[in-house]
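Got the viewer open? Here is a walk through the model, one selection at a time.

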Amino acid sequence: MNVTKAGAYQLGIMYTSNKTGKISISVNDKDATGGIIIPTTFAEADTVAWRQWHHWNYLKNMATVNLEEGLQTITLHTTDVGDMNYDYINFESVK
């Protein structure tokens, strides 16, 4: 990721999760968030198993990270449970 302005950024994520789990975000190979709980999107009323992976949810303000100006390597780590699909992470500058 090429950061044009150094500062704090709020992160949001679009995901599905068959079970509640945890993730972390690292910046340049250093943990920047610790454990972030990702709530399940499992819908008991939906009895078709494959559709459980189509209940997308957006988790806004899941964490705040500080980024330096320039090229940064951002890595998402699934740290507990798994059974998650990720679409994108949104970075919004904190004013």
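Before you colour anything, one term: strands here are DSSP runs of E with at least two residues, and they are numbered from the N terminus. With that in hand, the protein chain reads β-β-β-β-β-β-β-β-β along the sequence. Keep in mind that you are looking at a predicted model.

**Stop 1: the whole chain.** Show the cartoon and colour by secondary structure. You get 0 helices and 9 strands. Switch to the C-alpha trace and it spans about 45 × 25 × 20 Å along its principal axes. Of the 95 residues, 29% count as buried. Turn on a surface and the exposed area comes to about 5900 Å², with carbon and sulfur atoms supplying 49% of that. If you like contact maps, look away from the diagonal: among contacts with a separation of 6 or more, 76% are between residues 24 or more positions apart.

**Stop 2: the open sheet.** Select residues 57–67 and 84–93, which are β6 and β9, and add residues 7–17 for β2. Together they make an open sheet of 3 strands in the order β6-β2-β9, paired antiparallel. β6 and β9 are the edge strands, each pairing on one side only. Sight along the sheet: neighbouring strands are turned by 25° against each other on average, direction ignored.

Now keep only β2 bright and dim the others. How many of the residues of β2 are buried? The count is 8 of 11, so this strand is largely enclosed by the rest of the structure.

To one side, β2 is joined to β6 by 8 bridges, running antiparallel. Pick glutamine 10 and you will find its bridge partner in β6, threonine 64. For the β9 pairing, the antiparallel match covers 9 bridges. Two pairs are handy markers there: tyrosine 9 stands opposite serine 93, and isoleucine 13 has isoleucine 89 as its bridge partner.

**Stop 3: β3 and its partners.** Move on to residues 21–27, which form β3. Which strands does it pair with? Take them one by one.

- β8: 6 bridges join this strand to β3, and the two run antiparallel. Click lysine 22 and look across to aspartate 80 in β8.
- β5: the pairing with β3 is antiparallel over 3 bridges. Isoleucine 23 stands opposite isoleucine 36 here.
- β4: residues 30–31 pair with β3 in the antiparallel sense over 2 bridges. Serine 26 has aspartate 31 as its bridge partner.

Zoom in on that last pairing. β3 and β4 form a hairpin with 2 residues between them, and asparagine 28 in the turn has a positive phi of about 55°. Then add per-residue accessibility to the view: β3 is mostly covered, with 6 of its 7 residues buried.

**Stop 4: the salt bridges.** Show side chains for Lys, Arg, Asp and Glu. A search of the whole structure turns up 2 salt bridges.

Start with lysine 19 and aspartate 83, whose closest N and O atoms are 3.2 Å apart. Lysine 19 is in the loop between β2 and β3, while aspartate 83 is in the loop between β8 and β9, so the pair ties together parts that are 64 residues apart in sequence. Are these residues buried, exposed or in between? Lysine 19 has 45% relative accessibility and counts as partly exposed. Aspartate 83, at 31%, is partly exposed as well.

Next, select aspartate 46 and arginine 51: their side chains meet in a salt bridge at 2.9 Å, N to O. Arginine 51 is partly exposed, with a relative accessible area of 35%. Why does aspartate 46 count as buried? Because its relative accessibility is 15%, and buried means under 20%.

**Stop 5: around aspartate 46.** Stay zoomed in. This residue sits in the loop between β5 and β6. Besides the salt bridge to arginine 51, the side chain of aspartate 46 reaches the backbone nitrogen of valine 48 at 3.3 Å. Draw the contact shell, leaving out residues up to four places away in sequence, and aspartate 46 touches Arg51, Gln52 and His55.

Definitions and conventions:
Residues are numbered from 1 along each chain as its sequence is written. This is a predicted model: local features need pLDDT of at least 70, side-chain atom pairs count only at pLDDT 80 or more; totals for chains, interfaces and linings use all residues. Side-chain values use heavy atoms; hydrogens and water are left out. Two strands pair if DSSP finds at least two bridges between them. Helices (H or I, at least four residues) and strands (E, at least two) are DSSP runs, numbered from the N terminus. Axes are lines fitted to C-alpha atoms, for helices over the stretch in contact, and angles run from 0 to 180 degrees between N-to-C directions. Buried means under 20% relative accessible area, exposed over 50%, partly exposed in between (1.4 Å probe, protein chains only). A polar contact is a pair of N or O atoms within 3.5 Å; within protein, one must be able to donate a hydrogen and the other to accept it, and residues adjacent in sequence count only if both atoms are side-chain atoms. Contact means heavy atoms within 4.5 Å. A salt bridge is a side-chain nitrogen of Lys or Arg within 4 Å of a carboxyl oxygen of Asp or Glu. Accessible areas come from the Shrake-Rupley method with a 1.4 Å probe; for residues, only the protein chains shown count as cover.
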